[in-house]
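Visitor: I have a new model open and would like to learn how to read it. Could you walk me through it?

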Amino acid sequence: MLDLHTIEYAKPWAIFWAVAVLAHGYMDYSFFRIWKGWSRGTRTGTGPQRNLRAALKIWIAEILFQRQLFILSPARWGAHMLIFWGFLSLALLSLTTCIAAALGMADIYGAARHFFSSARGHIFVKLWGDTFGLFLLIGLAASSVRRFLLRPSQQVTEQADTLLLLLLLWLTLSGFVLEGLRLSLVPPELARYSFIGSLFIPPGSYTIVQLQPWLTACWCLHAFSALGLLLYLPHSKLIHSISAPLVIALNASAEFARKDIYWPDISKHRATGSPKD
């Protein structure tokens, strides 16, 4: 059985949760205002003829697999899917581990808490986090290369695009740096499961006393930057990640009825002169 060697270091939880509640409240309020404006004039129901099966099919094709973007540009689709699934999977992992931690602080024993405190759960978290963190990093790197080095003539790089890209890159890299600091304090048989985070382990040998200020500082930078993303989200292009599923769900049945739009072959509706890759 592996010894998990829990790494304990100071974290300003009270300040973090206070800022998190405010940031989340601002994001929710901003999104509500945006959605209220977008939903004006949108048909929210189709009566008894509503085709839920067709709606689900369109939702999966257009949101989970980004079918329209693939038709437009397979290269952009590949980078976008890496970012989409990487970000979504890491957010899900963070939410799950936070729930398990909250159960622990509330002294509630459950299957989730038991799993994440076990060696098997530890291995799962490390493999999941590093795999999808690598997906996100590759997708961001590919988008950066395309945006700044191989930018198509028709693409305009706005300041908002640059800020969003840099913020996501910072969150990804700072997360790996924080993981590397933690891994420097665990046995090699545990560190090897973090196959990307282990690349950020600082050289030399350190104790928890020596690294604690660095761990706290790095955690604060990473955690509060993530809250900054919540504040910036309503003003960024990431807002479409939230709005698009709702819009498509509302219009899916009507779009299915107009088979010339989505079915059976969307490729025939390619815009004139649009690139294929």
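Guide: We will go from the whole chain to one helix and then to one loop residue. This is a predicted model, in which local features need pLDDT of at least 70 and side-chain atom pairs count only at pLDDT 80 or more, while totals for chains, interfaces and linings use all residues. Residues are numbered from 1 along each chain as its sequence is written, and side-chain values use heavy atoms, leaving out hydrogens and water.

Visitor: How many helices and strands does the chain have?

Guide: Helices (H or I, at least four residues) and strands (E, at least two) are DSSP runs, numbered from the N terminus. Here there are 11 helices and zero strands.

Visitor: What share of the chain is buried?

Guide: Buried means under 20% relative accessible area, exposed over 50%, and partly exposed in between, with a 1.4 Å probe and protein chains only. Of the 277 residues, 35% are buried.

Visitor: How far apart are the end C-alpha atoms of helix 9?

Guide: The expected span is 1.5 Å times one less than the number of residues. Helix 9 (residues 208–232) has 25 residues, so 36 Å is expected, and the 34 Å between its end C-alpha atoms agrees. Its buried residues include Leu-211, Leu-215 and Trp-219. An α-helix has 3.6 residues a turn, so residues three or four places apart point the same way.

Visitor: Is Gln-66 buried or exposed?

Guide: Gln-66 is buried, at 15% relative accessible area, and sits in the loop between helix 2 (52–64) and helix 3 (67–72). Contact means heavy atoms within 4.5 Å. Beyond its neighbours within four places in sequence, Gln-66 is in contact with Ala-61, Trp-77, His-80 and Met-81.
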